[in-house]
Amino acid sequence: MSVDITRLISGALKKDKVSVSKLITLVETNPLNSISVIMRIPYQPKTTHIVGFTGAAGVGKSTLINAVATLLAREGGSVAIIAVDPRSPITGGAIMGDRVRMKDVPKEVYVRSMTTHEEESLPLKTLLTIELLERLGFDYVILETPGAGQFSTRIMSVADTIVVVLMPESGDEIQAIKAGIMEIGDIYVVNKADLPGANLTYNQVLFALNSAERRGWTPRVILTNALSIASVEPLVSAIKDHAVFVRKIGLNIEKRTLRRSLELQLIIEEELSKVIKEVSTPQTTLFKEFEKLLRDGGSLKEFLKRIKEEVSSRINE
């Protein structure tokens, strides 16, 4: 096993896709155990730029990411894409697969789809995969989330650059503007610029931003048609400009700290969830005490104290 891991790491550092895939599979299979594998990859200063794309379904995020990755790869950058998908309620797999969503991506770009329950938002396995790809020295990691809401807010602790994708004359997008999505983006893209109403939506976004500023960065608003590579070039330029900006003020280091804090939180939650399940089954003394409390009454404060004692006892075993 040790020899295999060593070989995989050696191949992955050379950007061998098979080796990278196998390492990520280890992360997906057992996120906690995979940390020991990630630790075997030489640690290096942060150079990877993480770009997060978010927006409602149907705005063309996947096609846009395909075009962005193509342009970055043409410039010689090493690019990995992580596409986070809701889990299919029937098969348990990603609703959209790698080959479906990114069929035209250049062969040198690495693409991986990951499933998640909606309530998980960005799961631990995704965050640890970013940690892995950073250590492997990818220049860019592009993270696609399934939509607005929890995903949008959590991505603020993960991505160095946040790209919010909108589309013309979408009532959902106007509601998103009102709901605060305009507070999270570094770059706003009005995609499908060939559709009627594109300029109107573009102006609405400009108005909604109203000279907003993010620690010295003025959010960009860009019109694109993801089916045209040339129209995506201004977006790539904006991403690169923002990458220079975040490095200059040290925001990339702050974001990595926030991401690792989130990783630790999810690790603690995962470990505690196991203990919680153990102490709350009907066979436990604590459950019987809970039933007695509901049936006969008693001190809720004392019962909550018992919960803490029981959980602490299990953790220390």
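At what angle do helix 3 (residues 31–38) and helix 6 (residues 124–135) pack, and how far apart are their axes? In this predicted model, the angle is about 10° and the axes lie 10 Å apart. Angles under 35 degrees count as roughly parallel, so helix 3 and helix 6 are described as roughly parallel to each other. On the helix 3 side, the contact is formed by P31, L32, S34, I35 and I38, which meet L124, K125, L128, E131, L132 and R135 of helix 6. By residue class, this contact divides into seven nonpolar, one polar and three charged.

The pair belongs to a protein chain with 13 helices and seven strands. Of the 317 residues in the chain, 48% are buried. When contacts between residues at least 6 apart in sequence are considered, 76% of them join residues at least 24 apart. The accessible surface of the chain amounts to about 15900 Å², and carbon and sulfur atoms account for 56% of that area.

E131, one of the helix 6 residues that meet helix 3, is also in contact with R259. R259 is located in helix 11. Is R259 buried or exposed? Its relative accessibility is 0%, and because buried means under 20%, R259 counts as buried. Apart from neighbours within four places in sequence, the contacts of R259 are I50, L127, I130, E131, E134, S157 and V158.

Helix 11 (251–280) is also part of what covers the buried residues of helix 10. Helix 10 runs over residues 229–249 and has 21 residues. At 1.5 Å a residue it should span 30 Å, and its end C-alpha atoms are 31 Å apart, so the expected and modelled values agree. The buried residues in helix 10 are V232, L235, V236, A238, I239, H242, A243, F245 and V246. Besides helix 11, their cover includes helix 4 (61–74) and four strands: strand 1 (49–54), strand 5 (161–166), strand 6 (187–190) and strand 7 (220–223). After helix 10 comes G250, with a positive phi near 80°.

Positive phi also occurs in this model at residues that are not glycine. Most residues other than glycine have a negative phi. K15 is not a glycine, yet its phi is positive, about 65°. K15 sits in the loop between helix 1 (2–13) and helix 2 (17–29), and its relative accessible area of 30% makes it partly exposed. K192, likewise not a glycine, has a positive phi of about 60°. The loop that holds K192 lies between strand 6 and helix 9 (198–209). With a relative accessibility of 26%, K192 counts as partly exposed.

Another loop residue is E108, located between helix 5 (98–101) and strand 3 (110–116). How far apart are E108 and S78 in sequence and in space? They are separated by 30 residues in sequence, while their C-alpha atoms are 7.6 Å apart. Leaving out residues up to four places away in sequence, E108 touches K17, A73 and V79. E108 has a relative accessibility of 47% and therefore counts as partly exposed.

Conventions. Residues numbered from 1 in each chain as written. Predicted model: local features only at pLDDT ≥ 70, side-chain atom pairs only at ≥ 80, totals over all residues. Heavy atoms only, no water. Helix = DSSP H or I, 4+ residues; strand = E, 2+ residues; numbered from the N terminus. Expected span 1.5 Å × (residues − 1). Buried < 20%, exposed > 50% of the residue type's maximum accessible area, 1.4 Å probe, protein only. Contact = heavy atoms within 4.5 Å. Areas by Shrake-Rupley, 256 points an atom, 1.4 Å probe, with all protein chains shown as cover. Axes fitted to C-alpha atoms, helices over the stretch in contact; angles between N-to-C directions. Parallel < 35°, antiparallel > 145°, perpendicular 65-115°, else oblique. Nonpolar A, V, L, I, M, F, W, Y, C, P; charged D, E, K, R; others polar.
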